[in-house]
Amino acid sequence: MKKILAASALFFLTACTASVMQKTNEPVTIQGSDTEVQLVSNLAEAFQATDADADLTVTGGGSAVGIAALINGEANLANSSRQMKPEELQQAKDKGLNVQEFILARDGLSVIVHPESAIASLSMDQLKGLYDGTITNWNDVGGPDAEVVLYGRQSTSGTFGFFRDAVVKADYDATMRQMEGTQAIVDAVKSDKNGIGYAGVGYVKDKQADVKVLPIASGGDPVSSLDKEAVLSGRYPIARAIYQYLPNPPVKDSTLEKFLRFEASPEGIAIIEATGFYPTGVDDQTKNQLFFDSIR
Amino acid sequence: MRKKCTAKAGRLSRHIPRIIFGCVAALTIVLLVGLFALLLKNGLQAVRAIGVGALLGADWNPVSYVTPSWGMSALLLGTLMVAGLAMLFAVPMGLLTAISLSELMPPKLREFLKPMVELIAGLPSVVLGILGLIYVAPLVATMFGLSNGLNALTAGLLVSIAVLPSIASLCEDAIGEVPRALRDASLALGATKWRTIVKIVIPTAKSGIAAAIMLGLGRAIGETVIVLMVAGNSLALPQSLFDPVRPVTANIAIEIKEVVFGSLHWSSLFLGGLILFLLTFAINGITDFFIHRSKHV
């Protein structure tokens, strides 16, 4: 009996080791933005279908978590929906890293409300007033007499930082409910008649039945984030690029380099559009091309 | 010759178990003291850098756009509200469940129901959180006319479900240990069953019941996943039970992932942990003191 047990244990151990040893490439760990996590997961899945030896793992946690993991040496690629701050770049430099930036896609950060909300659009000033706490009742912006319920992200989120720097330009109102992810904001606004939230366009593009996307006006007519041309040209006031960061330039022909090229290829762009985000613009693609050309 | 050998071997083998058990017990104590020392060291670092006055403020904003603020009152009030509500629901229900299980039910039914109650304890907190999001929060929202059900009340209800099985089970054990003779004597003297329970059984089982409550309170104060999902997660000072709260545990869970090791933000989170530890410790200590005092009366 003991001999049979020992033999079978040895057999299973070798079988496990054998299956692990089949993927000879180094695994690529991708961590960070919650806005980008579904998109990059889709891209990674499609990439692994073309390249069976590739081993990619994608997790979320927020842009700040991804950047921290990058600096600590725990991730090969950090998804970030905001640019790295000067302090973070300095920390990376102090650790001997040569951080590289890759522009993944374009996002029109969407402002969402309940489908039955009476609000048709908002100006940038009104949006700022709502989120910094100066406007507390919906009737101050053309809605019913009801208290505004704010939904946002937590401080680990790049979208939290981007929205604060681009729209609120002050601290968020303390009553804002800090949800753990973009999907949580969408779910909360879907069931809250007095709620307002912000979410990457990929999360709301096909969800018109669940949430209403508000057009935003910045000194002119209201522009919707669902309007691809407006987002890419910059007419939509809260459009942004979403990024990926590497700790060092990738090795030529490594899985990481091939994956980045896949993301910039027509196939990758098709997946980006299918997920609901927008493809990189001409300037973005020029920058990315310079980055690719620098890889030796 | 043979007798001498066995006597020596006997002496040594007698000591080995004692040594092993002694080591394990010492390890447990070392772990506890070590944990406390870690919390104390890092927590005091935060107190020295921030100052007690600033910590008592109501504004927690370490990553502020303007100036960082470190006021923990809103966080602590959130913890107290959720734990208080949870105990308010769980203690009476747990005690009544225990009484009915051990005093009022036929033995066959008790054999079946007690494991059922303990099965609820096996429910992971995440599952309770999901149930809260899908069922309890919308229910609370419609019942009280709120636009949204993620608040201290919902969190308190769900944490009470998490805590109820352990309170009920431990209370039932404590009540079961009251000697049958005591009950029989009371009934023989003419007291009704209910009077016996209230005046004789419960006071005798008092220390076991208090232990059950302390365990439940420790769990309620330390509950993280449920409050992370349903407590509403807002940093404003809660004005009522229907306001969203962010208890200290949820705050630590959220912010620990983005802090730089050794920074002020990092040690302030440890301070939160230290405060929770001391709170549970103090409540346990006070309860123990009262039990021992009444025992010696």
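**Aromatic clustering, interface and salt bridges in a predicted two-chain model**

One aromatic cluster is formed by A:Tyr131, A:Phe160, A:Phe163, A:Tyr172 and A:Tyr198, where rings of Phe, Tyr and Trp (its six-membered ring) pair if their centres lie within 6.5 Å, planes under 30 degrees apart counting as stacked, over 60 as edge-to-face and the rest as tilted. The model is predicted, and local features need pLDDT of at least 70, side-chain atom pairs count only at pLDDT 80 or more, and totals for chains, interfaces and linings use all residues. Residues are numbered from 1 along each chain as its sequence is written, chains are lettered from A and ligands numbered from 1 in the order in which they are written, and side-chain values use heavy atoms, with hydrogens and water left out.

By the ring criterion, the count comes to 18 aromatic pairs over all chains. A:Phe291 and A:Phe292 form a tilted pair, with 5.6 Å centre to centre and 35° between the planes, and both A:Phe291 and A:Phe292 are buried (under 20% relative accessible area, whereas exposed means over 50% and partly exposed in between, with a 1.4 Å probe and protein chains only). In soluble globular proteins, nonpolar side chains tend to be buried together. The largest nonpolar core (a set of buried Ala, Val, Leu, Ile, Met, Phe, Trp, Tyr and Cys residues joined through side-chain atoms within 4.5 Å) holds 134 residues, of which A:Leu127, A:Tyr131, A:Phe163, A:Ile196 and A:Ile238 touch the most other members. When neighbours within four places in sequence are left aside, A:Phe163 is in contact (heavy atoms within 4.5 Å) with A:Leu109, A:Leu127, A:Tyr131, A:Val168, A:Tyr172, A:Tyr198 and A:Ile238. A second, separate core of 10 residues includes A:Ile67, A:Ile71, A:Met84 and A:Ile103.

Between the chains, 21 residues of chain B are in contact with 24 residues of chain A. The buried area, defined as the accessible area (1.4 Å probe) that two parts lose on being put together, summed over both, is about 1800 Å² for chain B and chain A, and carbon and sulfur atoms give 48% of that value. On the chain B side, B:Tyr65, B:Ser147 and B:Glu258 lose the most area to chain A, together 33% of what that side buries. The count between the two chains is 0 salt bridges, a salt bridge being a side-chain nitrogen of Lys or Arg within 4 Å of a carboxyl oxygen of Asp or Glu. By contrast, 13 residue pairs, both residues at pLDDT 80 or more, are in polar contact between chain B and chain A (a pair of N or O atoms within 3.5 Å; within protein, one must be able to donate a hydrogen and the other to accept it, and residues adjacent in sequence count only if both atoms are side-chain atoms).

Over all chains, the search of the whole structure finds 19 salt bridges. In the pair formed by A:Lys258 and A:Asp51, the closest N and O atoms are 3.8 Å apart; A:Lys258 lies in helix H9 of chain A and A:Asp51 in the loop between helix H2 (34-50) and strand E2 (56-61), so the pair ties together parts that are 207 residues apart in sequence. Helices (H or I, at least four residues) and strands (E, at least two) are DSSP runs, numbered from the N terminus. A:Lys258 is partly exposed at 37% relative accessible area, whereas A:Asp51 is buried at 16%. A:Arg82 and A:Glu88 form a salt bridge with closest N and O atoms 3.0 Å apart, and both of these residues are buried. In chain B, the side chains of B:Arg183 and B:Glu103 meet at 2.9 Å, N to O; because B:Arg183 lies in helix H7 and B:Glu103 in helix H3 (residues 73-104), this pair ties together parts that are 80 residues apart in sequence. B:Arg183 and B:Glu103 are both buried. Salt bridges that share partners also join B:Lys114, B:Glu118, B:Glu172 and B:Asp173 into one network.

Two residues that are not glycine have a positive phi: A:Asp253, at about 65°, and B:Asn233, at about 60°. A:Asp253 is found in the loop between strand E12 (239-246) and helix H9 (255-264) of chain A and is exposed, with a relative accessible area of 59%, while B:Asn233 lies in the loop between helix H10 (225-230) and helix H11 (248-255) of chain B and is buried at 3%.
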